[in-house]
Structure formats: C-alpha cells, structure tokens
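Dear colleague,

Please find below the sequence and the structure that I am handing over to you. My notes on what was found follow directly after.

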There are 2 protein chains.
Amino acid sequence: MTAASPSKSRGPKPTKVDPDQLLDAAQAVFAEAGLQAASLRAIARRAGCDPALIYYHFDSKEALFAALLQRRFPGVLKDVERLAEASDLRPTAQRLWEVLLIYHRHLSQDPGIRSLVRGEIAKGAEGITGLIEGQMRPVVTAIRRVFEQGLERGELRPGLHPMLATFFLVKMQLEILDVAPVMLPRFMDLPPEEAVVAGMRAWFDLFWRGVARDPSAPLPPLPDPIV
Amino acid sequence: MTAASPSKSRGPKPTKVDPDQLLDAAQAVFAEAGLQAASLRAIARRAGCDPALIYYHFDSKEALFAALLQRRFPGVLKDVERLAEASDLRPTAQRLWEVLLIYHRHLSQDPGIRSLVRGEIAKGAEGITGLIEGQMRPVVTAIRRVFEQGLERGELRPGLHPMLATFFLVKMQLEILDVAPVMLPRFMDLPPEEAVVAGMRAWFDLFWRGVARDPSAPLPPLPDPIV
DNA sequence: TGTCCAATTCAACAAGCGTTGAATTATGTG
DNA sequence: CACATAATTCAACGCTTGTTGAATTGGACA
C-alpha cells in the first residue's frame, strides 16, 4: 500500500496562484481562526490550490505568517514616522488622534494581524518574538516621540510617562478595533458599524483629558475616520 | 491486533482525583496554551489521571471550560455588587480604583480565564456566548451603576457615557494584567513584578483625569494592590 | 462473603494537522 | 521539435486531538 492508482488529472498551468494571493487567503483564514487554529488546508482551499503549493512559496506555516506581518507593518511605520517629524507643529491632540487614524486605516480591514499580534504578545510571543519586536519597536518608538514633543511643547501634563502613554494609546486602539464591534452592540444600543467610530472617539476624548496639560481646554476639531 | 496484552495494573482507588482538582489542572493548562491549544491529555497529565476520567466528570472539553468560568465569576460578582451599593458614599475615584483591585484580586492568579474570555469575545464568542453573557453582564451592570452614581453625585464629568466608561475601565484592566508583564519590561526598565502595579496605577491616573468632573483636583489616597 | 456501584484506566476510533517526495503539466527557449 | 524549468498536484507519513466502550478496581453495604 505504498503507491496507489495514478489516474486522476494532475498538474496545471504555470502561475495560477501567486504568493500574494496566498497571503490574501492566509490573512482571511488567520483572521477567522487565529494562528494556532488556522490550517494550511483551509488556507489552500480559500486560495483554490493544493496545500503543498504553500510549501513551494513559503518555508513553513510560521514563515507564511511572518510574510503576512512583513506585508503590513512597513506601511504603518512609514505613516507614523512622517507624523512624528519634529517639524510637525500641529496641536498634539490632533497628532495623537492621527495615530489612531493610521491604525484604523491600515488595520481595520485586517483583524487577523491584530488578533495575532495581540495573542502572541499576550502569551509571551515565543517563536516570532524577533519579528514582532523588529517590526513593532520602530512604530512604538515613533509614537513615543510624539508624546515627548508634546511634553516639550507644554501641551501634555508634566508627570506623564511617554512610553506608558504610548502603550495605553496603541493597546486600547487595537482593542477597540477588535472588541468594540462585538461588545458595544451587545451592551449598548449601537449598530456594529458605528460602534468602532463611536468607541474610538469616546476613548480618545477620555484619553486626551487624561494626558492634556489643560484638560478643560476644548479639543481642536478632529477629522472623522473614513468608515 | 484488536486486544493487546491485559497485564498492567488497571483500576485504582475511589475518589483519587475529584472534579475540583481537574479544574485546577485545566486552569493551569488553559493558562499556558489557550482554549484551542490546550489538550485534554495535557490536563489529565497535570492532574495525574487518565484523559478519559475527564469525561466521567464533565461532558466535553467545552463543558470543562464552562465549569472553570462558573467557579470564578461569582466571587467577582459578589465583590462588585457590594461595591456598587448606593449607600457607599466614598469618593467615586476610590470606588473605581476598588473595581480594579477586585479584578486584580480574583484574576491575577488566573491568566487562563482572562485570555480565554478575551479571545472568545474578540472572535465573536461563538459557542460559549450564553455563558459569558450570563456571567459577565451582571458584573458589567454593577460597575456601570458606580459610574451612574458618580454622575448623580457630580463627581464625574456630565457628558460621560457610563457604559463606555465601564467598557474602557474593565477592558484596559484585563489588558494590563495580561500584557503589561510581557510588554512593559521590554519597552521600559521595569522588572515584571512591578510592571503590573505601575501599569495599573498609571492607567488609573490617566483614566480618572479623563472622567473626573474636576481633573485637576488631587486624587484621594488609594490603597496599593497586595502583590 | 457476595454484590453493587462509583471511580478509574485501557485501547482504540476517526479526523485533522504540518510536512514531504515524487509525479505531472504548461510554458518559454534553444 | 526537444528540452529544461517553474508551478502545481497527489498521495502518503507520522503525529496529535476529542471522544467512546469496555474492562477493572476498591470500598460500602447486606
């Protein structure tokens, strides 16, 4: 029982499914199932090919996931780094709000990456630690610079720890993108589409009053996220 | 090869491993691996028994997990409900801080439950929705009452939405318990043991300035969590 | 002593997983 | 037209998983 009947139709045309399509499929499946539970067979099914093909383009399941991160993070980093330039003299409130918008723009379509980053971090990020750190640290550092500049300009309250503030801002934004659409409609009277924006805005109002030097001063007009 | 050599020592003494010990083992394994990845064999190994024994005490893996939740939530609810009594006239800041302490007290030893609740919520909580809702809603409602009382007493800023505030407070507390010990030492110079407390305190300072009617008023003295 | 019963183990099941090696095909190039 | 080659599939491997049915044990009770 080593070799069976070789009769079915076999090989196909060249370049029917390129690596990028595989990444799209992987993203969708990871998003629904999480890293552990997402199976290569499900990803292949989604992409309309054989599981073995994944191994032609990627070394392993983990490498596939790594490629997925590598595809998204540079865009976030580029936007955040432009925002963090010292020459940007807009009000700090506006710039911090912009951080949320960047996350929203890049990651709102991509629950897989969010929940994965979140999940892997929470469990100690064994295995892909290096990758996450390499991709995440520059983003985090850039945001931190915005807080430091805000402190120098006297727009944030003196005792504020820029790293902790960064941590709270980013973490809560990820949470809102993930959890708000599920939870807020359940506990409040909000349709899921509105829940994210309402949650973002309410969270930022609260956050800003927490970090501002003068919490009673009115916020500058902030643009709405494109939904 | 249907029946093998029946020679080993088989059955044992009565009540060697009771359901509670199984729950302890399950909790530990769930904590390390998450709901999906935790295997019944690993749980049984931890408890020092056969995997089949789990099915003697529980209907399925999911039922085991449900029992785990059922064991912890009532304690949280009891404490939170006592805190939410309208006769409690302590400053709202102090009562809200107390909410964090309750979570810390009941869940800090129990990362499994936290990450599970978090994970299941994030992915839509299919399967155990009813259970989570049944256990969680009364807790959330009680905390909300504290915010409503704070609003009535004029200690919170008038526009504040009590449900959103509850959501932010609880969500961020869960995040801090989970993520701070992993992330803060990595981005700041803090040993893991101190990271949680420092994170809790910094988060609450920020949060309170965000919700307080008079953010510049000094906070009442708040007790430290017992670490 | 014999019998019942709750507690426990054993052995096996079907299914799903990540992964690999060999076979197949379609195309571009000489 | 032949050939090399990149893209794809097939079939299988060894492993782990949740779950089950039958067998076994040891104490309680008559």
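**Salt bridges within the chains**

In chain A, a network of salt bridges links A:D88, A:R90, A:R95 and A:E98. Please bear in mind throughout that this is a predicted model. Within the network, A:E98 and A:R90 are paired with their closest N and O atoms 3.5 Å apart. The two partners differ in how they are covered: A:E98 has a relative accessibility of 18% and counts as buried, since the limit for that class is under 20%. A:R90, with a relative accessible area of 31%, is partly exposed.

Over all chains, the structure holds 22 salt bridges. One of them joins the side chains of A:R71 and A:D20, at 3.5 Å from N to O. A:R71 belongs to helix 4 (residues 61-83) of chain A and A:D20 to helix 1 of chain A, so this salt bridge ties together parts that are 51 residues apart in sequence. A:R71 is partly exposed, its relative accessible area being 24%. A:D20 is likewise partly exposed, with a value of 43%.

In chain B, the side chains of B:R71 and B:D24 meet in a salt bridge, at 3.1 Å from N to O. This pair also links distant parts of its chain: B:R71 sits in helix 4 (residues 61-83) of chain B and B:D24 in helix 1 (residues 19-37) of chain B, 47 residues apart. Both ends are partly exposed, B:R71 at 24% relative accessibility and B:D24 with a relative accessible area of 42%.

As general background to these pairs, side chains of opposite charge can pair when their charged atoms come close.

**The contact between the chains**

I turn now to the interface. Chain A contributes 42 residues to the contact, and chain B contributes 42 residues. Between them the two chains bury about 4000 Å², of which 77% lies on carbon and sulfur atoms.

Two salt bridges are found across the interface of chain A and chain B. In one of them, B:K171 pairs with A:E175, and the closest N and O atoms are 3.1 Å apart. The count of residue pairs in polar contact between chain A and chain B, both at pLDDT 80 or more, is two.

Which helices of chain A supply at least two residues each of the side that touches chain B? They are helix 1 (19-37), helix 6 (111-122), helix 7 (129-152), helix 8 (162-187) and helix 9 (192-211) of chain A. Helix 8 of chain A gives the largest share of that side, with 16 residues. Sorted by class, the side of chain A that touches chain B comprises 25 nonpolar, six polar and eleven charged residues.

**How the two copies are arranged**

A turn of 180° with a shift of 0.0 Å along the axis lays chain A on chain B with an RMSD of 0.1 Å. The two copies are therefore related as by a two-fold rotation axis. A:G210 is the residue of chain A that comes closest to the rotation axis, its C-alpha lying at 2.2 Å. The same surface serves both copies, as 100% of the contact residues of chain A recur in chain B.

With kind regards

Definitions and conventions
Residues are numbered from 1 along each chain as its sequence is written. Chains are lettered from A and ligands numbered from 1 in the order in which they are written. This is a predicted model: local features need pLDDT of at least 70, side-chain atom pairs count only at pLDDT 80 or more; totals for chains, interfaces and linings use all residues. Side-chain values use heavy atoms; hydrogens and water are left out. Contact means heavy atoms within 4.5 Å. Buried area is the accessible area (1.4 Å probe) that two parts lose on being put together, summed over both. A salt bridge is a side-chain nitrogen of Lys or Arg within 4 Å of a carboxyl oxygen of Asp or Glu. A polar contact is a pair of N or O atoms within 3.5 Å; within protein, one must be able to donate a hydrogen and the other to accept it, and residues adjacent in sequence count only if both atoms are side-chain atoms. Helices (H or I, at least four residues) and strands (E, at least two) are DSSP runs, numbered from the N terminus. Ala, Val, Leu, Ile, Met, Phe, Trp, Tyr, Cys and Pro count as nonpolar, Asp, Glu, Lys and Arg as charged, and the others, Gly among them, as polar. Copies are superposed by least squares on the C-alpha atoms of residues with pLDDT of at least 70 in both. Buried means under 20% relative accessible area, exposed over 50%, partly exposed in between (1.4 Å probe, protein chains only).
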